[in-house]
Amino acid sequence: MKISNLKLEVSEFKMDIADLNIERGFKHAFVGPNGSGKSTLAKAIMQIIPNHSVDLEGLSSIDIMLAPQRPYLLHDTVMNNILYPLKIRNRKVNNDELISLLDMFNLTDKKNQYARSLSSGEQQKVSLIRCLLCHPVYLIIDEALSNLDSESVMRIEEIIKNDKETTWILISHQLTQVLNICDKVHFLDKGKLIESGDTEEVLLKSKNEIIQNYMSNQVIKVRE
Amino acid sequence: MLTMIEEFFQNVGALDAIKVTLLLAFSSTSIATILGVLFGLLLEKYHFPFKNLVIRINRTLMGVPPVVIGLVVYLLLMRRGPLGSFSLLFTIRGMIIAQVFIITPIISGTVYAYAAKFAPQVRNFAKTVGATPLQTELLVLKEMRSEIYFAIVSGFGRSISEVGAVMLVGGNIKGRTRTMTTAISLLKSQGIYSEGIMLGIILLIMAFIVQTIAEHFKKEDIYDENF
Amino acid sequence: MKKLFKALAVSLAILMVLGGCSSNQGGENNNTPVVEDKGVLLMATTTSTADTGLLDYLAPIFKQDTGYTLEWSAVGTGEAINMGKNGDVSVILVHAKASEEEFVNEGYGVERFEVMYNDYIVIGPKESVAYSNDIEATFKAVVDNELKWVNRGDNSGTDKKERQIWKALGIDPATNPNYVESGQGMGATINMADEQMALCLTDRGTYLKVKNDATLGIELEIICEKDDNLLNQYGVIAVSPDKYPDTDIEGANAFIEWICSEKIQALIGEFGVDKYGQPLFFPNAKK
């Protein structure tokens, strides 16, 4: 996925990215302080910023999916929520995969429950499962693990690591997670792309002051 | 049983009035639903000049006294009015026309208000899972179904309780255009209060049932608050 | 249509006045009453006395002469009598002799005084039925030819009168497929008949008033009139203070005495002549 000349202005916030290359076959991460534009960039890629469209060079919206931090669940059962993206793609569900995912996230007993009555962590799980079952070309995980218990986080991390089909984009403040999973990091600040490259090169060896500041603050936080 | 009811209500034709009321309410609500839901959703989706003015006019019409609509429709349908040749005055069809004018803004206004609040997030969701534009709009409709039912039920409730327009346009003709509300009005004018109250109670029960249905549709939303 | 534009212009003007300044409060008491203010006298009456404008014409004179402010509720005769029975008003002015006498006999009213009469007429589209002075012939022709007919069906004095005539003829008017019951007041019923090009029985006063004042006019003409059977006597009765001590019996008596006085009887006889070319009511109070 190549994005060039992305210019956005959404209520005071300005985004200006000259060139961003999200190569297929790698695990990517958008990193940066709060308000740096990570989620806005994700939304722009999903084409859900009002009055803006981003040229994704041949990729259609069906190839990219987004699991947001606060997912929208349909006024329907857990199962129908999970199956909706497949239904609109006219695809059959892989039953074994469905059963194992439900089982993995402890949702088997709740599959016929009204989805909006679930806890926020469970709602994130439903949102993740419905993306995972589609195996999209690109899948953006925007802080979508934030309310999950650590066991579930570990399981989803395993899935991401072992997956060879989808190109993953993680938006996360969990630096250990990023360092553990991702091959490429795109560091953003104030709506600008500061640096793009291999994870360790960008996060640990960068000469850029902003990144160094950000990293030292995060390390202090971890220590505390 | 039916003859007993009929006798009790003396000569106002209560059973016919109930039939006319229901026929009128179902017909006018159905037409107003199609027009109102469509208009409400289109109003939310598209931007155009003077959109805010249109919304404000819609809101005003939601609260306009039915008797004003009744007068306007009367003038349109009267023998010497622009639509006089269709002979619709003092017919159920004429009453349906008047009520469609009354109910459509209620439905479109309600649907618009909910759509303005909820449709954007449904559309965003639909895009994040890769829905086509048509699938997206169908999903908006489906996701708003309980709000739409609620709007329809409100319209229906307005229809059965409305008296001003049906009196003017329908003319309260016994057995033809007399509704429960205009029958009550007539009973009152004859000083026959007890029968008027009885008919009123039946109307209240109908309104109560309608309200209960509306509550049922609203109930799902209790879950929707995530704290 | 001209009248319609006029009406639109007037309503616009009203809106502008309301929107602009509404500072014209008070300071317009040029006609200080000669007699002391005795408060409000409540009356229940039939729609015809109000619809014709007679009460609007008489009330200010009543105020000047006696100090009472006359306020009235114009409803069907049935309800007007009911309001008297419930003690909601102090005096009733209606036209249904039998019901009125019953009202007095049951002790609700003090005494019935005849005030005036008007007459009923049959109106309809021109030449739908040959003009006549014989009400029974007209009614028969309506049923025989299945002509459109609008009955008020509201138990009002007019409705009762009409049923009486049908009954005397031994005809059930509902056998006529073009017979409808409007369930509304006289004015609305005349308008409905005019819309449908139907016939109806009405009092002359309301017909003349509606014909004269309706924005788009009325096309119906008089088909039958001046049958002795079509006279319509109005009576005035004070609500008995024995039943309802709260009612204003003094005011009621003042009104009865006043409306039966020579001066007011003369005014009633003149009322409407300037506008309609004929009187609407014929005074006949006993001296």
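Okay, let's start inside chain C: the C-alpha centres of its domain 1 and domain 2 sit 25 Å apart. Keep in mind that this is a predicted model. As for where those domains run, the assignment for chain C puts 39–118 + 232–283 in domain 1 and 119–230 in domain 2.

So how many residues meet between the two? In chain C, 19 residues of domain 1 contact 18 residues of domain 2. On the domain 1 side of that contact in chain C, helix H2 (47–51), helix H4 (77–85) and helix H12 (273–276) each bring at least two residues. Which element gives the most there? That's H2(C), with three residues. And by class, the side of domain 1 of chain C that touches domain 2 of chain C comes out at twelve polar, five nonpolar and two charged residues.

Right, on to the contacts between chains. Chain B meets chain A with 15 residues of its own, against 18 residues from chain A. On the chain B side of that one, the elements giving two or more residues are helix H5 (92–128) and helix H6 (133–143). H5(B) gives the most to the side of chain B touching chain A, six residues. That side of chain B, the one against chain A, splits into six polar, five nonpolar and four charged residues.

Then there's chain B with chain C: 16 residues from chain B, 17 residues from chain C. What classes does chain B show to chain C? Five nonpolar, six polar and five charged residues.

That's what I have on the contacts, so over to you.

Terms used:
Residues are numbered from 1 along each chain as its sequence is written. Chains are lettered from A and ligands numbered from 1 in the order in which they are written. This is a predicted model: local features need pLDDT of at least 70, side-chain atom pairs count only at pLDDT 80 or more; totals for chains, interfaces and linings use all residues. Domain bounds come from an automatic or database domain assignment. Two residues are in contact if their C-beta atoms, placed from the backbone, lie within 7 Å. Helices (H or I, at least four residues) and strands (E, at least two) are DSSP runs, numbered from the N terminus. Ala, Val, Leu, Ile, Met, Phe, Trp, Tyr, Cys and Pro count as nonpolar, Asp, Glu, Lys and Arg as charged, and the others, Gly among them, as polar.
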